[in-house]
Each structure stands twice: as structure tokens, then as C-alpha cells.
Amino acid sequence: MPLVSLRNVSKIYRLGGEDIRALDDVTLDIDPGEFISIIGPSGSGKSTLMHILGCLDTPTLGTMTLDGTMVQNATERELAHIRNQKIGFVFQSFNLLPKLNVLQNVELPMNYSGVSNRERRDRAMDALRLVDMDNRAKHRPMQLSGGQQQRTAIARALVNRPKIVFADEPTGNLDTHTGEAILQLFYRLSQEGRTIALVTHDPEIAAFTPRRIEIRDGKIAIKVDERLAGTGAHSRFSLTRSDAEGTRETQ
Amino acid sequence: MNFLNTISIGFKEIWANKFRSMLTMLGIILGVGSLVAQSALVKGLENGMKEALVAVGGLEKVYITAQAIPAWQRHRAEQAVGNTMRDIRALQQSAPLVHLVVPEMRLPEAVVTSGSKAITPWHFVGTWPGSLDLNQHVVEYGRIFNDVDEEMARNVCVIGTDIRDALFGDPDEIGREVNPVGEFININNQRFRIIGMFRHYESELDRKTREQAASRGPAPETGGPSRRGVAGGAKRSRSGSGGGMGLAFEWKNKTIYIPLNTMWLRFRAGASTNNEPDPHLTAIYFKVNDLEHMNDALQQVKNVMSQTHNGIEDFAFNTQENYSESINTAVRNARLSGTIIAAISLLVGGVGIMNIMLASITERVREIGVRKAVGATFWDVFIQILVESVVIAVIGGLAGLLASKGLVNLLSILSPAGNSPVITWEAMIVAFGFSVAVGVLAGIFPGLKAARLHPIQALRYE
């Protein structure tokens, strides 16, 4: 049973009396443990897709289930609860709260889930250890490098043991070297069994994941699944888009 | 979300913007401070007025004076007896709801002389010693007249300090206290011996003013006249300031009491018919036992008096209720206007909080977006903003209570010309409660605004 499944999902915005279909009839499944990337140029609708997948927004049409729960009709309160319990977010600009230290930033999601103070600290330290930031727990975000900030943000995304982690251009504000380290971290986390979805416009980053979904004009243009294609290599140069043409799917 | 945790987040947020929060609190501090201070001032004013009311005998004191016979009884005018000692005896025996029934005979425009000095007392009264109790008089030197003085109609008197000051010298001017007991004075050319003198009566305010003038001490050695000037100033303020309420004390100091019989025999004889002294009393004083049953007592007195007056209503009751009513009105007006001004300043403080909370959430749109993305609900965000607003108001309110203490001290130093302000618990609780309410109100709108933010838009906000 897929962890996330979208069925004929559309997102329509009304702008100046005109309907704009940011997402147009998208059907998609994500299985537990998958490491996928959603790729597309800006304005393609990939951010909208991520917002709907991440329960930050609800679809106008179509249905969506996450971990067996119907999401499309959820109230805002229920959505907040789902985001808190089942979803982790990593943002391009890290979005750490500057007034809190690293530990407090990681504890933030647990503030909204009724975890006791002691357990909060333990779980936050565990999450920081996972991303190798436990020795910086008392630092302020401003005192950290970009890569360290992003690792803190990843710890925050993992701390409530979510079913799926969404990362929106996680390397966009980092230099190539640091970005690659972050990607390696995601790869490691995925190897440990976590479900991760990267959103990016960069094909080279997308090439890092076994499964890639390309969005154009609100529709899914290309799906590549290396597991189906039978290749197991995950080097960023091992697979380019041209190699994947054989698995093009039509909607 | 854990409530204590929310409060601690609120404190952190305020601590992170120390200067800004302090400026915001200043509005609340001043609002609460002025609310408490003004209520303390009004309380002081009220105390001063009540003090004057007590000095004239308090609310329990009632007196009966003569009144023109009402029109429907005019045909029986010959049977009207007026207020006499018969009424006194009847009331003493038949009106258990009142006590301290005291007759008074007054002689207006009496001239009192001693050597070349003369004064006209405000009250020249022939009465019983019970009058002391009734009018809150205290004998400082000598004694009050006794039954023998009364029985023998002796020419003895007890005087107030203003009489002494006029005839024998003011201690402020001559620099020493004169004890006039044993001296003789002439009242309308009758020789009287002074057997006692009352205490000097003054309001709290006058006492303070006088003490301040005294503590300013001997003026620098510039000679006699300037010294006199200082003392004269003190005296003027003693009798002049305090408005209507101060007059109550001045009248009291300008009193001469003599035995009732003396008054009757020495001064009323001239006004007699058939060589009998005029038996009419100027007033009949009594005290009501229980203020709660004032009306019952007055009705009882009226019944007794109807009996002795052949049913003719040629007498009227005079109570201090009008006085007390005017005090209440004055206090209510002062309190109302003061409270309105202070409440406005508290409200302005609240607007300050709201303003700063709006600025703060605009600054923190991204933070709110992040909090929502990781699972904060509408209420979590709303409560967080509300708590911050209330925490500012609570700290401001507490600081305001402290400030009010200082403000009141400052006011009583700057202007001794007010009865000492009294800070009451009620005022503090009300002011603090108001500041909390203002904090809640000021937090609602910014809180709603923050809580309504859509997470996606909030996260995109630059």
C-alpha cells in the first residue's frame, strides 16, 4: 500500500477572473522507503505539488491519502496535526528561528505535540546526533555555516519521526561541495529506511535519486524509476535524463 | 501546546526585544501608575472632607430649630410653645432611639473684650457639658463647667483658641503658648472668668502646612519683620486654605461656651416679657443611636415633640446628610474625572501594545510560517501572540503599581496642599486588573492576524 497517493489531483487558483491550473489532474503514488525527486523548471507546479503532498495546502479537485488518511477534506487543525506528526520539511533557506539555539530549533515541532520536556531534549539530541550536529546544540543559527544550518533543519524535520520528509531545494543556498554533503546525508537517511522527496529544478541533483518525477505545466511529464529500469547506481553522474527516455510514461 | 512553555516563549520574545518591550510597557506603567495615584489623591481628599464632617459632630448629630408654623396650623399659632426645656426633658424620657439630648441657647453678635482688644465669636453658646461630646470638643487647658456652675448660673466660660489668639496673643506671633485659664473677659459688658480652653482644631492639611512653615525654621537673620512675615503666612494659610471644609475648623476655634442657665439669666432677661427670661432654646441637639435607623429615630423624636408642642409643627430637623451628600458628590466627581483620564492613558498604553505586537508579527511572518509548517495550529499561534501581549501588560502593570507608590510620594512632596494621598488595595487590584484586560484586548487583533496567516504565504514572505 502506497504511503502517499494522489488521484486526479488539480489545484486551481483564480487570478483576475481567470482560472490558473497550477496542478492539472496529477495521479501519483509514493511507497514507504522511497527516495524520489520532483523536478521541473520554476512555474511548473512542482512547488504546488509539494505543498499539497506536504499538507500545507489542499487540492481543489481529486483525492489524496497519506498513511491511510484522507487529506483533501481535512480541516486546518487536522492538517496542522498531520504536518506535525507525519511530515518533515526542509527548506531552501533553512528557516531556523534566529532567537532560538540549535537544540531549541530542533525541539520546535515537539512543542506542538505534547512531548514531555525531558523526552523532548533526548529526542532532539538524538536527531542532532543523526546529522552530526550534537556538538553545536547551544549555538545560535547565526553562528553556523550554511551546511550546518541545513543539517539542523534536517534534524528538526526528523525529530517527530515523520512518515515522509520533503526537502524544497535543500542545496539551493549552499555551495556545490556543501550541497553534495547534504545530498549524501539525505542518501544515508534514505538508506536507513526513511521516505524522502527532494524538490529541485536541477537535473543533476534529481539524478541523485532512484526515482524522478518531472513536472511541466502542472502535469507529470516524465517518471523515471531506476528500480524498474534495473540499475542500482546512485552516483550523480551515473544517470542522466537522456538515459531515462525509455521509461517515459504518458498520462 | 504546553501553557507554561507558551508563557516562557512569551518572556523570551520580550527579553529578546528588551528596549522595545520596555518602551511599550511604559505606556502601561504610566497608565496603571496614574490610575492608582489619582485614586489615592481622591481618597486623601475624601478623608479630609470626612475629617471635617466628624469635626462638626458626624452624621449622627441632628438638631432641631424653630420653624415658621405651617399654613394649615396658623390659626392655632397662639398655642405654639416653641422649643423649650420641656422638650429636652420629654426627649430624655421618651425617646430611647436618641441620646445626648442637649439644649443650646445662642446669642448672635456678642462682643467679647479684654483690655483694648475685641472679637465677635462665631458661636457664643449657653449649653450643657454634653455639648462637648456632641461637637467633638476637647478641653486642653482648665475644665468644662460643671453642675454647680450650671445651677448657680456662674459667669464662667470655656473659649476656643481663636478667641484666645485675638485677646491674649497668637502663639505664632508672640512665640509662646498663652494659657488664658483664670483670666477675665467681658462678654457684652458682663464679666466672665475663663475656666477652660479648647484644643486648637485644624485639618490634616492645615497641620501639615503649619508644620512645614515651622520646619522652614527661623528665617535667616534679617531681623524681626521678615520673621513676622513667615509666621503671618503660616497663620493665613491656617485659617484660609482648605476651602469650605477648612471653615468648619475655623468656626470651631471661634467658640465660647457658657452654662445654659448663665446664658438664660444674663442675656435672655432683656428679651423677656413679664420680667421672665425668654425660655426658647435656639436649638435642641441630640445624637441618633444607630445611623441605620435614622428615620425611625427622627419619627420618634417627632412624635414626642408633637406631644409637647400641642401638635403644632413649629420645629424642623437639621441633619448633616446634605453635607455628607455634598462630600459624596464631590468625591464621585473627582474620582470619575480622574478615572476617565487615567483609563484613557491606560487605553493609550494598550494601543501601544497592539501597535508593537502588529509590528512584531509583521517582522515574524516567516517564523509564524515555520511554526505552522511544523504543526502549530491557529490557536497555538493566537495564544502565543496573546500571551506575549498579556505578559507585557502584566509586567507593565506590576511596575506601574510600584511606580504609583513613587508617584504618590512625589506628589505629596511637591504639593503638600492636598490631604495626604492614600493608596488603597482596591485601587491597586482594579488598576492591575485593567492592565491585564488591556493586554488581552490589545493581543486579540494581532493574535488573530498572525493565526490567520497561511503557512505557504508566510514561508514565502521576505
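This text walks through a predicted model of two protein chains, A and B. It starts with chain B, moves to the nonpolar cores, then to the interface and the salt bridges.

Chain B has 462 residues, and 46% of them count as buried. Its secondary structure comprises 17 helices and twelve strands. Contacts in chain B reach far along the sequence. Among those with a separation of 6 or more, 82% join residues 24 or more positions apart.

Now to the cores. The largest nonpolar core holds 69 residues. Leu6(A), Leu49(A) and Leu53(A) have the most contacts inside it. The element that gives the most to this core is helix 15 of chain B, residues 378-414, with nine residues. Apart from this core lies another, of 41 residues. Its members include Ile185(B), Ile258(B), Phe286(B) and Phe315(B).

Leu53(A) deserves a look of its own. Which residues does Leu53(A) contact, leaving aside neighbours within four places in sequence? Several are aliphatic: Val4(A), Leu6(A), Leu28(A), Ile30(A), Ile38(A), Leu66(A) and Ile87(A) are among them. Met64(A) and Phe166(A) are in contact with Leu53(A) too.

Phe315(B), one of the residues of the other core, also touches Asn83(B). Asn83(B) sits in a loop of chain B, between strand 1 (61-66) and helix 3 (85-94). Is Asn83(B) buried or exposed? Its relative accessibility is 2%, so Asn83(B) counts as buried; the cut-off for that class is under 20%. Residues up to four places away in sequence are not counted in what follows. Asn83(B) touches Ile64(B), Thr65(B) and Ala66(B). It also touches Pro279(B), His280(B), Leu281(B) and Ile284(B). Met305(B) and His309(B) are in contact with Asn83(B) as well.

Next comes the interface. Here 22 residues of chain A are in contact with 27 residues of chain B. The area buried between the two chains is about 2,100 Å². Carbon and sulfur atoms give 57% of that area. In chain A, the residues that lose the most area to chain B are Leu56(A), Lys99(A) and Tyr112(A). Together they account for 30% of what that side buries.

How many residue pairs are in polar contact between chain A and chain B? The count is five, with both residues at pLDDT 80 or more. Three helices of chain A give two or more residues each to the side that touches chain B: helix 1 (46-53), helix 2 (76-86) and helix 3 (102-111). Helix 2 gives the most, with five residues. By class, that side of chain A has eight nonpolar, seven polar and seven charged residues.

The rule finds one salt bridge across this interface. Lys372(B) pairs with Glu76(A), and their closest N and O atoms are 3.6 Å apart.

The wider count follows. Side chains of opposite charge can pair when their charged atoms come close. Over all chains, a search of the whole structure finds 27 salt bridges. Three examples show different settings.

Take Arg14(A) and Asp19(A) first. Their side chains meet in a salt bridge, at 2.9 Å from N to O. Arg14(A) is exposed, with a relative accessible area of 60%. Asp19(A) is partly exposed, at 46%.

Asp24(A) and Lys219(A) form another salt bridge, at 2.6 Å from N to O. Why does this pair tie together separate parts of chain A? Asp24(A) lies in strand 2 (residues 18-30) and Lys219(A) in strand 10 (residues 219-225), so the pair links parts that are 195 residues apart in sequence. Asp24(A) is buried, with a relative accessible area of 17%. Lys219(A) counts as partly exposed, at 40% relative accessibility.

In chain B, Lys43(B) and Glu46(B) meet in a salt bridge at 3.9 Å, N to O. Both lie in helix 2 of chain B, residues 18-55. They are three residues apart, about one turn of the helix. Lys43(B) counts as partly exposed, at 26% relative accessibility. Glu46(B) counts as buried, at 11%. Elsewhere, salt bridges that share partners join Arg364(B), Glu367(B), Arg371(B) and Glu388(B) into one network.

Definitions and conventions:
Residues are numbered from 1 along each chain as its sequence is written. Chains are lettered from A and ligands numbered from 1 in the order in which they are written. This is a predicted model: local features need pLDDT of at least 70, side-chain atom pairs count only at pLDDT 80 or more; totals for chains, interfaces and linings use all residues. Side-chain values use heavy atoms; hydrogens and water are left out. A nonpolar core is a set of buried Ala, Val, Leu, Ile, Met, Phe, Trp, Tyr and Cys residues joined through side-chain atoms within 4.5 Å. Buried means under 20% relative accessible area, exposed over 50%, partly exposed in between (1.4 Å probe, protein chains only). Helices (H or I, at least four residues) and strands (E, at least two) are DSSP runs, numbered from the N terminus. Contact means heavy atoms within 4.5 Å. Buried area is the accessible area (1.4 Å probe) that two parts lose on being put together, summed over both. A salt bridge is a side-chain nitrogen of Lys or Arg within 4 Å of a carboxyl oxygen of Asp or Glu. A polar contact is a pair of N or O atoms within 3.5 Å; within protein, one must be able to donate a hydrogen and the other to accept it, and residues adjacent in sequence count only if both atoms are side-chain atoms. Ala, Val, Leu, Ile, Met, Phe, Trp, Tyr, Cys and Pro count as nonpolar, Asp, Glu, Lys and Arg as charged, and the others, Gly among them, as polar.
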